[in-house]
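Student: I am new to this structure and would like a close look at a single part of it. Could you walk me through the aromatic rings and what surrounds them?

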Amino acid sequence: VPQKFMDIQSYLKKHYQEKITLDSLTDAFYISKYHLAREYQRLFGTTVLNDLTLIRLSHAKRQLRFSTENIEEIALSCGFQTSAYFIKVFKKYENMTPLEYRRKW
């Protein structure tokens with residue numbers, strides 16, 4: 001895997017709490033949006049934004065299990081713009097709401 005793409009993946013893991021778009025990544029890494037999208041998918045088997053979502057959900061699941069923060073605080077601290085969007089995405093990926101996940105653990 002080319003170093004630039006390793007750096008992009010590393011950036012996602014460090015900056016997941018921030019608003020990240022393909023455009024912001026192309027500016028930061030001096031790469032065309034189409035090349036970034038196509039090569040990232042080819043190299044990692046997933047899209048940039050899907051990878052970012054999985055990173056955010058991973059952090060959210062840890063917080064749901066090990067903190068007493070409410071859903072809105074967790075959503076915002078993991079880079080989701082609203083708790084409603086966080087709940088929708090969480091349910092899509094985990095087949096349960098964040099509260100159901102928390103109760104399960």
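Tutor: Happy to! Let us begin with F80, which is buried, because its relative accessible area is 4%, under the 20% cut-off. Please keep in mind that this is a predicted model.

F80 has an aromatic partner, Y85. The count of aromatic pairs comes to seven, and one of them is F80 with Y85, a tilted pair with 6.2 Å from centre to centre and 55° between the planes. Y85 itself is partly exposed, since its relative accessible area is 45%, so this pair joins a buried ring to a partly exposed one.

Now turn to Y101 and W105. Their ring centres are 6.0 Å apart and their planes stand at 55°, so this pair is tilted. Look at how each ring meets the surroundings: Y101 counts as buried because its relative accessibility is 7%, while W105 counts as exposed because its relative accessibility is 52%, over the 50% cut-off.

These residues belong to a wider group. Ring pairs link F80, Y85, F86, F90, Y101 and W105 into a cluster. As you follow the cluster in the viewer, you can use F80 and Y101 as buried landmarks, and W105 as an exposed one.

Two arginines also sit over rings of this cluster. The charged end of R56 is placed over the ring of F80, at 6.0 Å from its centre. R65 lies over the face of W105, and here the distance to the ring centre is 3.7 Å. So that you can place these arginines, helix α4 covers residues 48-66.

Helix α4 has another neighbour, helix α1, which covers residues 3-15. The two pack at an angle of about 35°, and their axes are 9 Å apart. Their crossing is right-handed. On the α1 side, the residues in contact are Q9, L12 and K13, and they meet V48, D51, L52 and I55 of α4. Sorted by class, this contact has four nonpolar, one polar and two charged residues.

One last stop takes us back towards the cluster. F90 is a member of the cluster, and helix α6 covers residues 83-94. In the loop between α6 and α7 (98-104) you will find N95. Most residues other than glycine have a negative phi. N95, however, has a positive phi of about 60° although it is not a glycine. N95 is also exposed, because its relative accessible area is 68%.

Definitions and conventions
Residues numbered from 1 in each chain as written. Predicted model: local features only at pLDDT ≥ 70, side-chain atom pairs only at ≥ 80, totals over all residues. Heavy atoms only, no water. Axes fitted to C-alpha atoms, helices over the stretch in contact; angles between N-to-C directions. Helix = DSSP H or I, 4+ residues; strand = E, 2+ residues; numbered from the N terminus. Left-handed = near helix turned anticlockwise from the far one by under 90°. Contact = heavy atoms within 4.5 Å. Nonpolar A, V, L, I, M, F, W, Y, C, P; charged D, E, K, R; others polar. Buried < 20%, exposed > 50% of the residue type's maximum accessible area, 1.4 Å probe, protein only. Phe/Tyr/Trp six-rings, centres within 6.5 Å; stacked < 30°, edge-to-face > 60°. Lys NZ or Arg CZ within 6 Å of the ring centre and 35° of its normal.
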